[in-house]
Amino acid sequence: MERLDKFIASQTGLSRTQVHEKLRVGAVRVNGAVERKKDRKIDPNNDAVCLDGEEISYRKFLYIMMNKPAGLVSASRDPKMKTVIDILPPEMKRKGLFPAGRLDRDTTGLLIITDDGDLAHRMLAPGKGVFKSYLAALDGPVGDREKEMFAKGIEIDGGELCLPAYLDIAEDGMSAVIRICEGKYHQVKRMFEAVGRRVVALKRLSIGALPLDESLGEGECRLLDESERDRLLTN
Ligand code: URA
């Protein structure tokens, strides 16, 4: 059982104060009857809660796919810079959302924003073996030598050893899709640096078996359904 005001706030992104106003003006119905009591207890799985005439469909967790634009930080909040959470549409905003698997400020592409910590762990922990793929544009060509080095597991600066990673190199060698199953700090950039190349642009294309929905423009996002969510955990 959950307090009505808390439930509505968590599902809609409205602040508690806004929810209280909705309750005060009679915009909330529980099982068809107007409800004004903010501390009314409801069962999210069985009670039908309507706000402004529309039923709130209960989602325990949210899974949001964003096509991250460059220039935003992958954090829940930042004292100075705009974050990926700041650009979520109001209807997707909820307490507890965080970017699962950070992208650098200048990196674009697939970012998952969720409030499901357990899923994030299963998606990100290197031991779980979920591969993420990135398209890296480079300042010079790479070839079979780099491909073999990456597949063996290269050492990056500071002596950190990377797990095997796989390269699919463009014909001119100037870009490659790289697949890695871990997320060390600046990992892709540091891996290419270790073989003498600089990444000039980086975009995440997929996580597990879920590709970026290319119909999303940069900065746009949409909710995932359950089968898409599950594809985040399988290669
Ligand atoms: N590797 C990087 O270097 N940067 C990212 O944003 C993601 C992976």
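Two rings of Phe, Tyr or Trp are counted as an aromatic pair if their centres lie within 6.5 Å. The legends below refer to a predicted model.

**View 1. Aromatic pairing between Phe 131 and Tyr 166.** Across the whole structure, three aromatic pairs are found. In the pair formed by Phe 131 and Tyr 166, the centres are 5.9 Å apart and the planes meet at 50 degrees, a tilted arrangement. Phe 131 belongs to the loop between α3 (117-124) and β10 (132-138), whereas Tyr 166 belongs to strand β13 (residues 166-169), so the pair ties together parts 35 residues apart in sequence.

**View 2. The residues that surround the ligand.** The ligand occupies the space of the second largest pocket. Its surroundings consist of Leu 103, Asp 104, Thr 107, Tyr 134, His 186, Gln 187, Val 188, Lys 189 and Leu 202. Sorted by class, this shell comprises four nonpolar, three polar and two charged residues. Helix α5 (residues 187-194) makes the greatest contribution to the shell, supplying three residues.

**View 3. Backbone contacts to the ligand at His 186, Val 188 and Lys 189.** A polar backbone atom of His 186 is found 3.2 Å from an oxygen atom of the ligand. At Val 188, a backbone N or O atom is 3.1 Å from a nitrogen atom of the ligand. For Lys 189, the distance from a backbone N or O atom to an oxygen atom of the ligand is 3.1 Å. The ligand taken alone exposes 240 Å², of which the protein buries 95%.

Terms used: Residues are numbered from 1 along each chain as its sequence is written. This is a predicted model: local features need pLDDT of at least 70, side-chain atom pairs count only at pLDDT 80 or more; totals for chains, interfaces and linings use all residues. Side-chain values use heavy atoms; hydrogens and water are left out. A residue is near a molecule or strand if one of its heavy atoms lies within 4 Å of it. A polar contact is a pair of N or O atoms within 3.5 Å; within protein, one must be able to donate a hydrogen and the other to accept it, and residues adjacent in sequence count only if both atoms are side-chain atoms. Accessible areas come from the Shrake-Rupley method with a 1.4 Å probe; for residues, only the protein chains shown count as cover. On a 1 Å grid over the protein atoms alone, a cavity is a set of points where a 1.4 Å probe fits but cannot get out, and a pocket is an open set with protein on both sides within 12 Å along at least five of seven lines; lining residues have an atom within 4 Å of a point. A molecule sits in a cavity or pocket if more than half of its atoms lie within 2 Å of its grid points. Helices (H or I, at least four residues) and strands (E, at least two) are DSSP runs, numbered from the N terminus. Ala, Val, Leu, Ile, Met, Phe, Trp, Tyr, Cys and Pro count as nonpolar, Asp, Glu, Lys and Arg as charged, and the others, Gly among them, as polar. Rings of Phe, Tyr and Trp (its six-membered ring) pair if their centres lie within 6.5 Å; planes under 30 degrees apart count as stacked, over 60 as edge-to-face and the rest as tilted.
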